[in-house]
Amino acid sequence: MQVNDVTSYEVEGRVAVVTVDSPPVNALSAAVRQGIAAAVGKAQADPAVGAVVLLCGGRTFFAGADITEFGKPPVEPSLRNLQLVVENATKPVVAAMHGTALGGGLELALVAHYRVAVPSARCGLPEVNLGLLPGAGGTQRLPRIVGVEKALEMITGGTPISAKAAQAIGLIDALVDEGRLREGAIAYANAVLDEGRPLVKVRDKNDRLDEARANPQVFADFRKANARKFRGFHAPENCIRAVEGAVNLPFDEGMVQERALFDELFADSQSAAQRHVFFAERQAAKIDDIGADVPVLPVAKVGVIGAGTMGGGIAMNFLNAGIPVTIVETKQEALDRGLGIIRRNYAATAAKGKMKPEDVEGRMALLTGTLALEDLADSDLIIEAVFENLDVKKQVFARLDAIAKPGAILATNTSYLDIDAIAAATGRPESVIGLHFFSPANVMKLLEIVRTRDTAKPIVATAAKLAKTIGKIGVTVGNGFGFVGNRILAARNREADRLILEGASPADVDRVLYDFGFPMGHFQMRDLVGLDVGWNPATTASANVREILNEMGRHGQKSGGGYYDYDENRKHTPSPVALKVIEDFAARQGTPRRAVSDEEIRDRTLYAMVNEGARILDEGIAARASDIDIVWVTGYGWPKYRGGPMFWADLQGLPAVLARLKALEAAHGSDFAPSPLIERLAAENKSFKDA
């Protein structure tokens, strides 16, 4: 029988089976909560029922709270009140899990008296990824069942664990056969009844907490071990404090503290920023003018041109997805080196236990190396990753036009160049697209999908789907210098270069950006990438500091020196040599040096980025402000807890942003002239999210 639209109730022998089916992920909405409460109450009132099994239809157990209800008036029963209904039931409740039991879903399972799952299920408390903590007892119950150290790891990490791992730590009582969850859960419930097992309330378990009480250093040790990972984030610390409450306070007081710590985070801009990123990631996958009716082309074989660092990394993405790759180089030595690096990368992963040795061989078996471009004739997708030179790329695409089969997708990995010009070298510009991977390409999650004025919709749709296949976050953007990410980076480059000539040191600029939340500073990043990337020794003319450093053989970390000096462990220290180059160049340019404040460094670098982002949005290069944020959060290290440059600007209010840009324009010139979009939105008291 149906209890409500999303909840059904059936009795099989002595067991009441409560099934929730609320697509797509059985989020714990008001209707779901009401249905469960009514069904458990019905089972309580039925003398023929001895136990209750709670499970879900569809593809997953409860995958978390209904975050669309955040900030809205509460509807009873709240999740906490529903938990009391389940926990205080006088008949055993068995939570039966498949798919993912996440967040509030796992917290609901924790108040069941027993938990079973199929082997493919996964369990986790991912709230920290939204800048929050588990607010329905997760911080209080989980350490009581799995121990404090494991609970801290799960709650602050937010990464789900397998059902097998969950059983090993006591979170799951039993595994049942795959595909037979209902039958297995009913059998388990009957066994509970037959054996007269007690109603186990996790809240009453204290033995695992006693372990932590005997080792009071556990929290300090955990903070120290994770200090770098947690830097800048507020949520992990509140998570730790909540678990400390589980150890040091009675259960009910710990619950009160958990709620207070949750509310503190929910009101914090960091949580708003992280929730923005969560939704923006999903929005980025949607391309406004490409509907479900646009066909997606099959990609069964991929060609990659260039076996260097970028080409090899690109190839690994497809090998990881089980897609065969043919990689092309011009010389055998370069090809052998590239293939060797790919193998060593896989071997290193296997040595860390993150993949099996046989998987290394399996992936390498999918890889073919060749010196003949003609060997790409049967590829469905060909990605060019050669030297960043327009003439070279046009020559490659002209050759590809004669080699590639009809319907093949021709992609360039260019970072800055005009893809329309590259496409014009072919007779099929509609088949050309930009796939801008970020280095290291086998690690970085961002993929800028660059459509030209001629790129056919099926090509764009295929690229977007392929991004998901290879585990990337694809953001579709328009063609133009630097697209989205590198065009904004160029604006920051401009100001950073000016700042060091005017009196700031590279270390000053880097410290300010690091303190803002970037994983490394601007000049550290340049040194890491290599100052010689894009530098041509044949045409160099000491035109700027970077050229001079390259001419001196200072190419960054790899050469032992760039803007910084590096020891044998690549530890950096400020470089007197680089500082002398900067001072001498400033003198030749007639640039007077002065004291530069941290505030000026921050404002000039960050507002330049926001202003350029606004121009990109106004020109239609990006479809939405949140796409710009995703590019910078996932590709360039903008701190997730600040939401991206456009979200950061919206937090301040665009009238305030406009006023600061005008002040910077007056002090530092027309490059800070406010984008017309900022002026329009500020006049209407709107935000970038409204553009």
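Which residue in E9 does Arg-122 stand opposite? Select Arg-122 in this predicted model and look across to strand E9: the residue standing opposite is Ser-162.

**Stop 1: the three-stranded sheet**

Stay here and bring up the rest of the sheet. Three strands make an open sheet in the order E6-E8-E9, and the pairing is mixed. Color residues 100-102 for E6 and 161-162 for E9: these two stand at the edges, each with a single partner strand, so one side of each is left without a neighbour in the sheet. Now add E8, residues 122-124, which runs antiparallel to E9, with two bridges joining them.

**Stop 2: cysteines**

Still in E8 territory, click on Cys-123. How many disulfides does the structure hold? Zero. Cys-123 is in none, and the nearest cysteine sulfur, that of Cys-56, sits 12 Å away. Turn on a surface and Cys-123 won't show up, because its relative accessible area is 0%, which makes it buried.

Next, jump to Cys-239. Why is there no bond from its sulfur to the closest cysteine sulfur? The closest one belongs to Cys-123 and is 18 Å away, which is too far for a bond. Cys-239 is also buried, again with a relative accessible area of 0%.

**Stop 3: a loop residue and a distant glycine**

Select Asp-268, in the loop between helix H12 (251-266) and helix H13 (269-284). Is Asp-268 buried or exposed? With 17% relative accessibility, Asp-268 counts as buried, since the cut-off for that label is under 20%. Then draw a distance from its C-alpha to that of Gly-131: you should get 8.5 Å, although the two residues are 137 apart along the chain.

**Stop 4: strand E17 and its neighbours**

Select residues 446-451, which make up strand E17; six of its six residues are buried. Show the side chains. In a regular strand the side chains alternate between the two faces of the sheet. Here Leu-446, Glu-448 and Val-450 point one way, while Leu-447, Ile-449 and Arg-451 point the other way. Glu-448 and Arg-451 are worth a click of their own, as both are among the buried residues.

Now add the partners. Strand E16, residues 432-437, pairs with E17 in the antiparallel sense over four bridges. For a landmark, find Phe-437, whose bridge partner in E17 is Leu-447. On to strand E18, residues 473-478: E17 pairs with E18 in the parallel sense, over six bridges. Leu-447 serves as a landmark here too, with Gly-474 as its bridge partner in E18. To follow the chain from E17 to E18, trace it through helix H19 (residues 457-469); this β-α-β crossover is right-handed.

**Stop 5: two cis prolines**

Go back to the loop between E16 and E17 and pick out Pro-440. The peptide bond joining Ser-439 and Pro-440 is cis, with omega about -5 degrees.

For another cis bond, select Pro-23 and Pro-24, where omega is near 5 degrees. Pro-24 is in the loop between strand E3 (15-20) and helix H1 (30-45).

**Stop 6: positive phi away from glycine**

Which loop holds Ser-542? The one between helix H22 (522-529) and helix H23 (545-551). Check the backbone: Ser-542 has a positive phi of about 50 degrees, although it is not a glycine. This serine is partly exposed, with a relative accessible area of 33%.

Arg-570 makes a good follow-up. Its phi is near 65 degrees, again a positive value in a residue other than glycine. You'll find Arg-570 in the loop between strand E19 (564-566) and strand E20 (572-574). Arg-570 is partly exposed as well, at 46% relative accessible area.

**Last stop: helix H25**

Finish by selecting residues 598-618. This is helix H25, with 21 residues, and it reaches 30 Å from its first C-alpha to its last, close to the 30 Å expected at 1.5 Å a residue. Display everything around it: 16 of its 21 residues are buried, so H25 is largely enclosed by the rest of the structure. Beyond the helix, click on Gly-620, which follows H25 and has a positive phi near 80 degrees.

Technical notes: Residues are numbered from 1 along each chain as its sequence is written. This is a predicted model: local features need pLDDT of at least 70, side-chain atom pairs count only at pLDDT 80 or more; totals for chains, interfaces and linings use all residues. Side-chain values use heavy atoms; hydrogens and water are left out. Buried means under 20% relative accessible area, exposed over 50%, partly exposed in between (1.4 Å probe, protein chains only). Two strands pair if DSSP finds at least two bridges between them. A crossover is right-handed if, with the strands pointing away from the viewer, the path from the first strand over the helix to the second runs clockwise. A disulfide is a pair of cysteine sulfur atoms within 2.5 Å. The expected span of a helix is 1.5 Å times one less than its number of residues.
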